[in-house]
Amino acid sequence: MTKRADQREIPALFNVFENDFLIGAAVNPMTLQSQKEFINTHFTSLTSENNMKFENLQPEEGRFTFEQADELMAFAKQNGKTVRGHTLVWHNQTPQWVFQNKNGGRADRQLVLDRMKEHIDTVVGRYKGQIQSWDVVNEAVTDSGASRLRESNWQAIIGDDFMEKAFEYAHLADRDAELFYNDYNESDPEKREKIYTTVKDLLEKDVPIHGIGLQAHWSLHHPTLDHIRAAIERYASLGLKLHITEMDVSVFAFDDKRTDLTAMTAKMTQQQMERYHQFFECFREYSDVISSVTFWGVADNYTWLDDFPVQGRKNWPLLFDQDLQPKESFWKLVNR
Ligand code: HAH
């Protein structure tokens with residue numbers, strides 16, 4: 001417990017949910033340095049926001065850059081934190097060389113498979129026994145349209161079996177790691193069914209997959225609690241573990257591009273408090289299948305949503321404000 005100015009005792013966030021699931025945060029070299037104590041106090045699970053992505057770990061073929069990932073691992077080890085690895089195979093933040101041959105043309109299937117295996121062996125192998133769960137494949141499913149898998153370089157060059165290969169390689173590299181498929185818009189009924197079918201197919205082929213990551217990039221307006229509940233039940237019916245992997249609650253609807261706000265309105269504060277409360281009541285109901293809830297950031301002083309989907313527009317999606325003080329949403333979770 002730490003005290004704030006008005007002397008209300010601030011419980012550690014992870015303690016509030018200690019009987020339910022782990023509480024985590026995505027961190028980066030900046031927050032890990034400037035908010036070390038704060039992160040240590042409130043979170044028991046850590047995810048690297050960017051520093052375990054392909055382009056950060058292997059910017060050029062064979063040149064691995066582990067410094068920042070290693071710093072996170074050292075902090076986690078020192079403080080007894082769990083680490084979620086994010087992410088091995090994704091269409092974004094992956095360098096172009098992976099998909100090119102030595103003449104600058106398109107690499108063939110075997111070459112890309114070899115590179116996938118080399119990357120996964122090296123990265124998962126390095127942190128074997130230290131990273132409990134890996135987001136092996138991120139965002140492979142389309143948001144809309146008839147086709148199930150997104151067109152990506154991985155999919156186009158290797159073929160539809162690129163996912164099973166990724167999971168097999170990860171399993172070979174660390175037999176004890178829990179392997180996840182991770183995606184956003186996971187509660188949308190149409191996309192939910194595509195994710196469900198994709199993962200079900202993998203299970204039927206005995207692919208080593210152990211969980212589904214629900215990113216939970218939500219907002220005050222979207223998705224509905226009914227859709228969230230239906231998604232949790234549908235995924236859980238596969239007998240897999242569920243992690244909430246990247247939670248934040250934007251104060252803007254996705255297509256709301258307004259840029260005039262300099263602070264949350266009173267109405268937004270109220271709505272965000274109610275939404276967070278409902279979400280966590282729901283997570284608690286399913287705490288037999290949800291074992292981890294991670295926020296995509298630490299506090300409102302830094303969030304990726306300050307640049308997405310509108311560049312340079314401030315957002316306030318987390319439980320702690322820009323001065324690292326608990327917001328109304330936090331207190332409502334504590335005093336439910
Ligand atoms: C996530 N994509 C990624 O998994 C994460 O690695 C990144 O740091 C931020 C968000 C979410 C996403 C989205 O909400 C909408 C469109 C594309 C991607």
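This passage describes the ligand site and the internal cavities of a predicted model.

The model is predicted, with local features requiring pLDDT of at least 70 and side-chain atom pairs counting only at pLDDT 80 or more, while totals for chains, interfaces and linings use all residues. Residues are numbered from 1 along each chain as its sequence is written, and side-chain values use heavy atoms, with hydrogens and water left out.

The ligand occupies the largest pocket (an open set of points on a 1 Å grid over the protein atoms alone, with protein on both sides within 12 Å along at least five of seven lines; a molecule sits in a pocket if more than half of its atoms lie within 2 Å of its grid points). The shell around the ligand (residues with a heavy atom within 4 Å of it) consists of Lys 53, His 86, Trp 90, Asn 138, Glu 139, Tyr 184, Gln 215, His 217, Glu 246, Trp 296, Trp 304 and Phe 308. By class, this shell comprises 5 nonpolar, 4 polar and 3 charged residues (Ala, Val, Leu, Ile, Met, Phe, Trp, Tyr, Cys and Pro count as nonpolar, Asp, Glu, Lys and Arg as charged, and the others, Gly among them, as polar).

Polar contacts (pairs of N or O atoms within 3.5 Å) join oxygen atoms of the ligand to side chains of the shell. The side chain of His 86 places an N or O atom 2.7 Å from a ligand oxygen; for the side chain of Asn 138 the corresponding distance is 3.1 Å, and a polar side-chain atom of Trp 296 also lies 3.1 Å from an oxygen atom of the ligand. Of the 430 Å² of accessible area that the ligand has on its own, the protein covers 84% (Shrake-Rupley method, 1.4 Å probe).

The whole structure contains 2 cavities of 30 Å³ or more (sets of grid points where a 1.4 Å probe fits but cannot get out, with lining residues having an atom within 4 Å of a point; points are joined across faces, edges and corners, and the volume is the space filled by probe spheres set on them). The largest cavity, of about 70 Å³, is lined by Val 27, Asn 28, Pro 29, Leu 32, Ser 48, Asn 51, Gln 68, Glu 71 and Leu 72. Two or more lining residues come from each of α2 (29-34) and α5 (67-79) (helices are DSSP runs of H or I, at least four residues, numbered from the N terminus), and α5 gives the largest share, 3 residues. This lining has 4 nonpolar, 4 polar and 1 charged residues.

The second largest cavity holds about 60 Å³ of space. Its lining includes Trp 90, Asn 138 and Glu 139, which also belong to the ligand shell, and divides into 6 nonpolar, 4 polar and 2 charged residues.

Definitions and conventions. Polar contact = N/O pair within 3.5 Å; in protein donor to acceptor, adjacent residues only side chain to side chain.
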